[in-house]
Amino acid sequence: MNKKYSIAYVLSIGLLLSSIWIGISFGSVNIPFSTLWDKTTDPVAYSILWKIRMPRVILAALIGASLAIAGAAFQGLLKNPLADPYTLGISSGASVGAVMTIFLGISIPVLGVFTLPVFSMAGAAFTMIIVLTFARLVDRSMKMETLILTGIIFSSFLGSCISLMVALTGEQLREIIGWLLGSVSMRGWPYVRMVLPFMVLGTAIIWLTRRELNAMIYGEERAQYLGVNVKRSKYMILAGGSILTGAAVAASGTIGFVGLVVPHMIRLLIGADHRHLLTLSFLNGASLLVICDLVSRTIISPIELPIGVITSFIGAPVFAYIFFKQRRKVVA
């Protein structure tokens, strides 16, 4: 392996382990890392660590990793560094499912606390099917431009649906706004178990297309000449990214910029080889969201900020920088 990639992997793994250690050790109550395996010294701290803080940190890592690898795949597929997991409207569909659940007070006894995430994932899946069907009706070859424009159309429409429900809501307003801003607070191990299989499935699907993504950088026609089944690869990438995005939004609400910023920064540092870009985006996306979650719960403790606010504070300036750089390149 190239020395550049070896260093990148070592640093990324080191950053992830460090962020997890800091995430579980620091907060409103500082907990020694040794408490992780020794509950005799402080049973209360041990309980806080394993029942509250550990599942929160793990969930943040899973969601950050999911959004980052989905963002890397979408940027490669659409050949657009400003693309992210929310480009195709999948997150808007998930948000409509969740907001509708809160707005209508839907609660299915069999699902219990999972009613909201299940409806959210159903909204994401339904949106993906509609977007792909519409794009195929417009253009049977499903060119990238068609996919992006279709995603924008449905994102706008679904965003209007969310705004309508927010405008009509009463007592649930705070809950809806809190969910839309994103949070991993008080989710617990059940949410980790819920997200994990979807993350594994979505990541596996995208990982299988890493070579196809490299070929598609040079255009669809050239990729076909190289033996790539472009249409099948598109469906696989879109399905994998949608599964990851839907599960992440269902568990935590809308958390912006992770899927945009992380893959772009990794691409700037190590290049566009998706065999490494996908893995490094996965690792660093997890680290970023764990750190952002730590900041959200400590910066003005005991008040806790939505994690989406922190990621936006970080992501917006980076997004502006990327956009400025791209426009300067076009003008030059």
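**Exercise 1. Place Ile22 and decide whether it is buried or exposed.**

Solution. Ile22 lies in helix H1, residues 3-25. Helices here are DSSP runs of H or I with at least four residues, and strands are runs of E with at least two, numbered from the N terminus. The model is predicted: local features need pLDDT of at least 70, side-chain atom pairs count only at pLDDT 80 or more, and totals for chains, interfaces and linings use all residues. Residues are numbered from 1 along each chain as its sequence is written, and side-chain values use heavy atoms, with hydrogens and water left out.

Now the exposure. Buried means under 20% relative accessible area, exposed means over 50%, and partly exposed is in between (1.4 Å probe, protein chains only). Ile22 has 31% relative accessibility, so Ile22 counts as partly exposed.

**Exercise 2. Find which residues form a nonpolar surface patch with Ile22.**

Solution. Start with the rule. Patch residues have over 30% relative accessible area and no salt bridge; like charges are joined within 9 Å, nonpolar side chains (Val, Leu, Ile, Met, Phe, Trp, Tyr) within 5 Å. The patch consists of Trp21, Ile22, Phe26, Phe33 and Trp37. Together they have about 520 Å² of accessible area, by the Shrake-Rupley method with a 1.4 Å probe, where for residues only the protein chains shown count as cover.

**Exercise 3. Classify the aromatic pairs Trp21 with Phe26 and Phe134 with Phe154.**

Solution. Rings of Phe, Tyr and Trp (its six-membered ring) pair if their centres lie within 6.5 Å; planes under 30 degrees apart are stacked, over 60 edge-to-face, the rest tilted. The whole structure holds 4 aromatic pairs. In one of them, the ring centres of Trp21 and Phe26 are 6.4 Å apart and the planes stand at 75 degrees, so this pair is edge-to-face. Trp21 is partly exposed at 41%. Phe26 is partly exposed too, at 37%.

Next, Phe134 and Phe154. Their centres are 5.7 Å apart with 75 degrees between the planes, an edge-to-face pair. This pair links distant parts of the chain: Phe134 is in helix H4 (residues 115-138), Phe154 in helix H5 (residues 144-168), 20 residues apart. Phe134 is partly exposed at 34%. Phe154, at 18%, is buried.

**Exercise 4. Trace the network that links Arg56, Asp293, Arg297 and Glu304.**

Solution. Side chains of opposite charge can pair when their charged atoms come close. A salt bridge needs a side-chain nitrogen of Lys or Arg within 4 Å of a carboxyl oxygen of Asp or Glu. The whole structure has 4 salt bridges.

- Step one: Arg56 and Glu304 form a salt bridge at 2.7 Å, N to O. Arg56 lies in helix H2 (residues 43-78) and Glu304 in the loop between helix H12 (274-298) and helix H13 (307-331), so the pair ties together parts 248 residues apart in sequence.
- Step two: check cover. Arg56 is buried at 9%. Glu304 is partly exposed at 34%.
- Step three: Asp293 and Arg297 form a salt bridge at 3.5 Å, N to O. They are 4 residues apart in helix H12, about one helical turn. Asp293 is buried at 1%, and Arg297 is buried at 10%.
- Step four: join the parts. Salt bridges link Arg56, Asp293, Arg297 and Glu304 in a network.

**Exercise 5. Test the span of helix H10.**

Solution. The expected span is 1.5 Å times one less than the number of residues. H10 (residues 230-252) has 23 residues, so the expected span is 33 Å. The end C-alpha atoms are 33 Å apart, which agrees. As for cover, 17 of the 23 residues of H10 are buried. Gly253 follows H10 and has a positive phi, near 85 degrees.

**Exercise 6. Locate Met186 and Phe257, two residues with positive phi that are not glycine.**

Solution. Most residues other than glycine have a negative phi. Met186 has a phi of about 55 degrees. Met186 lies in the loop between helix H6 (173-181) and helix H7 (189-207). At 69% relative accessibility, Met186 is exposed. Phe257 has a phi of about 75 degrees. Phe257 sits in the loop between H10 and helix H11 (258-270). At 23%, Phe257 is partly exposed.
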